[in-house]
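Here is a short report on one protein chain. Look at the sequence and the model first, then read on.

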Amino acid sequence: MDGLTQATVLPCLQELQKLSFINSILFITIEREGHKLALEDNMLPDSVEHVPIYSKNYSISILNKIFDFILFPKLLVHLSRQYKITLIIAHGAPAGALAYKVWKQTKIPFYVSLFEPHAAYMLESGVWSRSGLKYRFQSYWEKKQKQYATGLLPVSEQYRQLLEKEGVPPEKLRTIACTTNLDHFQFLASHRYAFREKLEWQQEVIGVYVGKFGGLYYQNEAFAIYKICFEIIPGFRLLILSPQDHVEINKDLLRHQLDVRKVKVMSVQHNEVAAYLSAADFAFATYKPGPSKKYLSPVKIGEYWASGLPVLLTEGVGDDSDIIKNEGGGALFNLKEEGSVEKAILKIQEIIKQPGHREQIRGLAIKYRSPDQIREAYEYFLGEKLNG
């Protein structure tokens, strides 16, 4: 199972199955043809049945999308009738587009969790163009979700406020940041010792980055930031946990004249990430800035915080940027401001010298990223409706 599904979908399923008024859950995933979602034993709750549906794998990506949005609504309508579905929860605005199309035919109420301005941030990050079909279709479907969804669960309080200003009734809104498995992601001294020994960095200061480069994330700029860390922090070492091509990442390291002997580039399963976070001292969340980025809720920040790591974060990202300003948990940088990165790195150095900082930072994850908020939100939306 891919890391994003494990990090964001499974907690939702686990919390939903605890609700007394939900009898069963049909978990539908969309897979590319020839690919099977790997589900480990006991990964899904007992009350959840998994049904994958498959997409064609055309070489031109827009053809995949066109095929998907013709076929999938028909399949979903069929499954809804077969399983006597009484409500639909779409995970993310792209999935919400499918839920809206099913609602048009069935009028089954639908909710959209992990709701973000997907089209806007794909446009800002240069992944989509304003005239492209993907952007135009997704923008249209997001408007329809705002209009016809029974409930929307935006991932940031700032986005909830914007949706209200846009005319979405406040009773249809409930903020749920991307939650974190707090039992799995936590600092463990045993993991710290064992994995620092494995990395052969027992005494060094380790900065970790989990994720991809490019798209929504800085690429060249991220490696320039790493270079500053090597210049400022004595004994600095860099750990990159990424699913991307390691050859290309190493080319970027060399292009920025970074000593590859002081960098480890690895691909690990999502369930292995937590141990490496225990081994690290601080973490990077290098997002490209933009107006829509304040409406995000990066999964990795919750996992970093739950592990007690201060985060070096781009200014203006999600509610997390304000949390760091007001409550700690890291330092912010803005590449348009000279000396901003250096100042943020110095602040990170101060934080990691403070006794008990990991426990204090974990408190932010407990406060803002607890899975309890999922259950509370659906009790708010569904409890009275389904019981009454």
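The charged end of Arg 174 sits over the ring of Tyr 380, 4.7 Å from the ring centre. Lys 107 places its charged end over the ring of Trp 103, at 4.4 Å from the centre. A charge sits over a ring when NZ of Lys or CZ of Arg is within 6 Å of the ring centre and within 35 degrees of the ring normal.

This is a predicted model, in which local features need pLDDT of at least 70, side-chain atom pairs count only at pLDDT 80 or more, and totals for chains, interfaces and linings use all residues. Residues are numbered from 1 along each chain as its sequence is written, and side-chain values use heavy atoms, with hydrogens and water left out.

**Aromatic pairs**

Rings of Phe, Tyr and Trp (its six-membered ring) pair if their centres lie within 6.5 Å; planes under 30 degrees apart count as stacked, over 60 as edge-to-face and the rest as tilted. By this rule there are 18 aromatic pairs. One of them joins Tyr 100 and Tyr 148, which are stacked at 6.0 Å centre to centre, with 20° between the planes. This pair links distant parts of the chain: Tyr 100 is in helix α3 (residues 93-106), Tyr 148 is in helix α5 (residues 133-148), and 48 residues separate them. Helices (H or I, at least four residues) and strands (E, at least two) are DSSP runs, numbered from the N terminus.

Are the two rings' residues, Tyr 100 and Tyr 148, buried or exposed? Tyr 100 is buried, at 5% relative accessible area. Tyr 148 is partly exposed, at 31%. Buried means under 20% relative accessible area, exposed over 50%, and partly exposed in between (1.4 Å probe, protein chains only).

One aromatic cluster takes in Tyr 209, Phe 213, Phe 223, Tyr 226, Phe 230, Phe 236, Phe 282 and Phe 284.

**Nonpolar cores**

A nonpolar core is a set of buried Ala, Val, Leu, Ile, Met, Phe, Trp, Tyr and Cys residues joined through side-chain atoms within 4.5 Å. In soluble globular proteins, nonpolar side chains tend to be buried together. Which members of the largest core touch the most other members? They are Tyr 226 and Phe 284, in a core of 73 residues. Apart from this core lies another, of 29 residues, including Ile 88, Ala 90, Trp 103 and Tyr 159.

Contact means heavy atoms within 4.5 Å. Leaving aside neighbours within four places in sequence, Tyr 226 is in contact with Tyr 209, Phe 213, Phe 236, Leu 238, Ile 240, Leu 258 and Phe 284.

**Helices α11, α13 and α14**

Helix α11 (residues 299-306) is mostly covered, with eight of its eight residues buried. Among them are Lys 300, Glu 303 and Trp 305. Gly 308 follows α11 and has a positive phi, near 80°.

Helix α13 (residues 340-352) has 13 residues. At 1.5 Å a residue they should span 18 Å, and the end C-alpha atoms are 19 Å apart, which agrees. The expected span is 1.5 Å times one less than the number of residues. In α13, the buried residues are Ser 340, Val 341, Ala 344, Ile 345, Ile 348, Gln 349 and Ile 351. Their cover includes α8 (220-232), β9 (282-285), β10 (311-314), β11 (330-333) and α14.

His 357 is in helix α14 (residues 357-368). His 357 is buried, at 12% relative accessible area. Its side chain reaches the backbone oxygen of Gln 354 at 2.9 Å. Beyond four places in sequence, His 357 is in contact with Gly 308, Pro 310, Ile 351 and Ile 352.

Arg 362 is also in α14. Outside its neighbours within four places, Arg 362 is in contact with Leu 182, Phe 185, Gln 186, Trp 305, Ala 306 and Gly 308. Arg 362 and Glu 303 are 59 residues apart in sequence and 9.3 Å apart in space, C-alpha to C-alpha.

**Positive phi outside glycine**

Two loop residues are listed here.

| Residue | Phi | Loop | Relative accessible area |
|---|---|---|---|
| Lys 84 | about 55° | between α2 (61-82) and β3 (88-91) | 67%, exposed |
| Glu 200 | near 65° | between α7 (189-199) and β6 (205-210) | 60%, exposed |

Definitions and conventions:
A polar contact is a pair of N or O atoms within 3.5 Å; within protein, one must be able to donate a hydrogen and the other to accept it, and residues adjacent in sequence count only if both atoms are side-chain atoms.
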